[in-house]
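Here's a quick briefing on the open and enclosed spaces in this protein, plus two of its helix pairings. Have a look at the structure first, then read on.

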Amino acid sequence: LFGKFGPLASVKVLWPRNDEDRHKNRLTGFVAFMTRKDAQRAFTALKGVILHGQEIKLSWGKPVSIPVYPVYVPDAMMKLIAPPPRSGLPFNAQPRQKDRDAFIWPLPENLMEPDDPVQRKIWRKMIKNAVVKVVIPTDRPLLCIIHRMIEFVVREGPLFEAMVMAKESKNPMYSFLFDNTSAAHTYYRWKLFSILQGDSPAKWKTKKFRMFQNGSIWQPPPLNFFHNGMPEELYLENEKSTGHYSTDGGGDSSSFKSKRGQLCSAELVALEKLLEKLTMERSKVGDAMVWCVEHSDFAEHIVSVIADNIESEDTTLPKKIALLYLLSDILANCFAEVMNVSYYRTQYCVSLNN
């Protein structure tokens with residue numbers, strides 16, 4: 001439910017400890033996003049929705065430490081960090097299309113350099129121009145093993161790696177040491193090289209490089225990819241899976257039904273964009289006011305979003321003043337000949353009382 005809005009840093013559910021808690025028929029949990037932007041998006045979209053016949057009640061919690069890798073990544077973002085298809089080349093290097101045409105694909109396993117001098121020259125050129133895309137594994141236990149392995153290899157030297165390979169040859173968790181075309185092995189080799197070159201575990205160079213002379217070009221993974229949150233275009237593409245679904249208390253646990261007057265995902269994104277660009281300039285306030293008046297059917301939701309922005313500690317003072325200007329303009333137009341625009345006056349009264 002929450003993961004549709006962006007990568008999650010942590011999720012904790014407080015299960016009932018006694019009969020009294022169990023009889024309440026509800027659970028309390030803490031969800032931390034990798035970015036405030038995604039958290040705000042989820043907070044605004046899910047506040048007040050009905051899940052299995054009960055209203056979801058949300059509030060902001062205390063800040064938590066953000067890990068390097070999230071515990072959950074939305075499917076839409078997973079596509080961006082998915083490893084490339086198997087090429088059969090070392091480190092799963094991806095050759096250029098014009099170089100591929102010189103050979104029959106897919107390449108047979110354990111293919112070595114051709115014996116023919118002409119073919120060998122073409123082969124070496126293909127290897128040199130190919131790109132090795134490094135992808136961070138999403139399997140957290142595997143990632144922990146890789147990082148632990150790197151830690152010991154850096155400290156003990158390559159003999160430690162050879163010793164582990166001899167001892168764990170039949171252990172599937174260490175298969176990344178043997179399959180040099182797997183995404184895990186590619187990540188292991190790059191990460192080990194990166195640490196030995198002086199990079200830190202959480203900060204590395206992202207410029208392309210050659211690890212071996214005349215070898216393929218290595219493309220490191222983007223730095224802090226998950227710390228930038230879910231790109232807005234991906235969120236819009238994912239709108240169908242984060243849209244409004246009904247539930248009668250059974251069925252898919254991720255389905256939910258919005259309360260009456262709830263903005264859809266696209267409209268919510270449009271409102272967030274307006275508020276993000278809002279300044280004390282007359283034109284900016286006017287544009288936002290017109291949009292709000294035109295969407296007066298969703299007055300309750302819009303007022304809630306504006307109020308949350310005003311109350312947020314992250315909102316600067318000039319932005320809060322601009323938001324107050326916006327509220328003033330909307331109230332001044334509550335008598336305009338627009339259907340349901342008077343809803344704003346009622347909702348502002350409720351919001352002020354709260």
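What follows covers the pocket, the cavities and two helix contacts in turn. Keep in mind that this is a predicted model. The largest pocket holds about 1900 Å³ of space, and the structure also has two cavities of 30 Å³ or more. On the helix side, α11 crosses α13 at roughly 50°, while α6 crosses α8 at roughly 40°.

**Largest pocket**

- With about 1900 Å³ of space in the largest pocket, there are 42 residues in its lining, and the closest to the centre are Phe-2, Gly-29, Phe-30, Val-31 and Leu-58.
- Which element gives the most to the lining of the largest pocket? That's β2, with six residues.
- Other elements that each supply at least two lining residues include β1 (8–14), α2 (36–46), β4 (54–55) and α12 (299–311).
- Sorted by class, the lining of the largest pocket comes out as 20 nonpolar, 12 polar and 10 charged residues.

**Second largest cavity**

- About 70 Å³ of space sits in the second largest cavity.
- Its lining includes Pro-83, Pro-84, Phe-91 and Asn-92, along with Val-132, Lys-133 and Val-135.
- Also in the lining of this cavity are Thr-181, Ser-182, Ala-183 and Thr-186.
- Both β5 (131–133) and α8 (183–196) supply at least two residues each to that lining.
- Six of the lining residues are nonpolar, four are polar and one is charged.

**Helices α11 and α13**

- The axes of α11 (residues 282–294) and α13 (residues 317–332) come within 9 Å and cross at roughly 50°, so the two helices are oblique to each other.
- Their crossing is right-handed.
- From α11, the contact uses Arg-282, Val-285, Ala-288, Met-289 and Cys-292, and from α13 it uses Ala-322, Tyr-325, Leu-326, Asp-329 and Ile-330.
- Eight of these contact residues are nonpolar, none are polar and two are charged.

**Helices α6 and α8**

- Helix α8, which helps line the second largest cavity, also packs against α6 (residues 140–156), with axes that come within 10 Å and cross at roughly 40°.
- That makes α6 and α8 oblique to each other too, and their crossing is right-handed.
- On the α6 side, the contact residues are Leu-142, Leu-143, Ile-146, His-147, Met-149, Ile-150, Val-153 and Val-154.
- They meet Ala-184, Tyr-187, Tyr-188, Lys-191, Leu-192, Ile-195 and Leu-196 of α8.
- By class, the α6 and α8 contact has 13 nonpolar residues, one polar and one charged.

Key:
Residues are numbered from 1 along each chain as its sequence is written. This is a predicted model: local features need pLDDT of at least 70, side-chain atom pairs count only at pLDDT 80 or more; totals for chains, interfaces and linings use all residues. Side-chain values use heavy atoms; hydrogens and water are left out. On a 1 Å grid over the protein atoms alone, a cavity is a set of points where a 1.4 Å probe fits but cannot get out, and a pocket is an open set with protein on both sides within 12 Å along at least five of seven lines; lining residues have an atom within 4 Å of a point. Grid points are joined across faces, edges and corners, and a volume is the space filled by probe spheres set on the points. Helices (H or I, at least four residues) and strands (E, at least two) are DSSP runs, numbered from the N terminus. Ala, Val, Leu, Ile, Met, Phe, Trp, Tyr, Cys and Pro count as nonpolar, Asp, Glu, Lys and Arg as charged, and the others, Gly among them, as polar. Axes are lines fitted to C-alpha atoms, for helices over the stretch in contact, and angles run from 0 to 180 degrees between N-to-C directions. Angles under 35 degrees count as roughly parallel, over 145 as roughly antiparallel, 65 to 115 as roughly perpendicular and the rest as oblique. A crossing is left-handed if the near helix is turned anticlockwise from the far one by less than a right angle, and right-handed if clockwise. Contact means heavy atoms within 4.5 Å.
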